[in-house]
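Let's take a walk through this model, one stop at a time. Have the sequence and the 3D view ready.

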Amino acid sequence: MTAGEQARTAPNAWAGLTGCLRAVFVTLAADRGASDLTTTRLPDVEVLRAVHAHHRRTADILLGRARDQGVVRPDATTEDLLSALAALGRAVPPLGAAATPDAWHLPKEPP
């Protein structure tokens with residue numbers, strides 16, 4: 001949740017959004033159970049509901065700021081982002097286990 005809080009206040013919305021996503025995937029690559037917790041609905045577990053609500057609010061804020069700054073399509077929704085995260089969140093842990101913990105992302109520049 002710390003990465004989300006930092007991302008919410010980043011002056012550059014794109015840097016905040018991508019930094020938050022990177023932090024999410026680093027966590028998912030390191031902890032396979034984190035993916036299960038973030039994508040599983042257990043309505044009777046209040047703390048998990050609070051975490052989900054916080055993540056959803058963070059996504060709302062980050063996307064809103066990114067749309068306002070013109071770096072994200074105006075029709076991108078929180079549901080779009082959360083659906084993509086859920087799908088990718090299932091792929092990241094096996095990639096990290098099969099290769100190296102950072103195998104889930106491409107390098108910024110060719111080697």
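What follows goes from one helix to the core, then to a loop, and ends with the charged pairs. Keep in mind that this is a predicted model.

Let's begin with helix 2, which covers residues 13–30. Is its length what you'd expect from its residue count? What should the 18 residues of helix 2 span at 1.5 Å a residue? The answer is 26 Å, and since the end C-alpha atoms are 26 Å apart, the two agree. At the start of this helix, Asn-12 points a side-chain oxygen to within 2.9 Å of the backbone nitrogen of Trp-14. Further along, you'll find a set of buried residues: Ala-13, Gly-16, Leu-17, Cys-20, Phe-25, Leu-28 and Ala-29.

That takes us to the nonpolar interior. The largest nonpolar core is made of 14 residues, and Leu-17, Leu-62, Leu-63, Val-72 and Leu-81 have the most contacts inside it. Which elements give two or more residues to this core? They are helix 2, helix 4 and helix 5. Helix 2 supplies the largest share, with five residues. To see how the pieces meet, click on Leu-81: setting aside neighbours within four places in sequence, Leu-81 touches Leu-17, Leu-21, Ala-59 and Leu-63.

Now swing round to the loop between helix 4 and helix 5, where Gln-69 sits. Is Gln-69 buried, exposed or partly exposed? It counts as partly exposed, because its relative accessibility is 40%. Gln-69 has some partners from far back in the sequence. Its C-alpha is 7.0 Å from that of Ala-13, although 56 residues separate the two in sequence. Once neighbours within four places are left out, Gln-69 is in contact with Pro-11, Asn-12 and Ala-13. Two of these involve the backbone: a polar atom of the Gln-69 side chain lies 3.2 Å from the backbone oxygen of Pro-11, and a polar atom of that side chain lies 3.0 Å from the backbone nitrogen of Ala-13. Recall that Ala-13 is among the buried residues of helix 2.

Last stop: the charged side chains. Side chains of opposite charge can pair when their charged atoms come close. How many salt bridges does the model have? The count is three.

One of them joins Arg-49 and Glu-46, with N and O 2.3 Å apart. Why might these two be placed to meet? They are three residues apart in helix 4 (residues 46–68), so about one helical turn separates them. Arg-49 is partly exposed at 43% relative accessible area, and Glu-46 is partly exposed too, at 47%.

Another bridge pairs Arg-56 with Glu-79, whose closest N and O atoms are 2.7 Å apart. This pair links distant parts of the chain, with Arg-56 in helix 4 and Glu-79 in helix 5 (residues 78–98), 23 residues apart. Arg-56 is partly exposed, at 32% relative accessible area, and Glu-79 is partly exposed, at 43%.

The remaining bridge runs between Arg-73 and Asp-75, where the closest N and O atoms are 2.6 Å apart. Is Arg-73 buried or exposed? Arg-73 counts as exposed because its relative accessibility is 58%, over the 50% cut-off. Asp-75, at 46%, counts as partly exposed.

Terms used. Residues are numbered from 1 along each chain as its sequence is written. This is a predicted model: local features need pLDDT of at least 70, side-chain atom pairs count only at pLDDT 80 or more; totals for chains, interfaces and linings use all residues. Side-chain values use heavy atoms; hydrogens and water are left out. A salt bridge is a side-chain nitrogen of Lys or Arg within 4 Å of a carboxyl oxygen of Asp or Glu. Helices (H or I, at least four residues) and strands (E, at least two) are DSSP runs, numbered from the N terminus. Buried means under 20% relative accessible area, exposed over 50%, partly exposed in between (1.4 Å probe, protein chains only). A nonpolar core is a set of buried Ala, Val, Leu, Ile, Met, Phe, Trp, Tyr and Cys residues joined through side-chain atoms within 4.5 Å. Contact means heavy atoms within 4.5 Å. A polar contact is a pair of N or O atoms within 3.5 Å; within protein, one must be able to donate a hydrogen and the other to accept it, and residues adjacent in sequence count only if both atoms are side-chain atoms. The expected span of a helix is 1.5 Å times one less than its number of residues.
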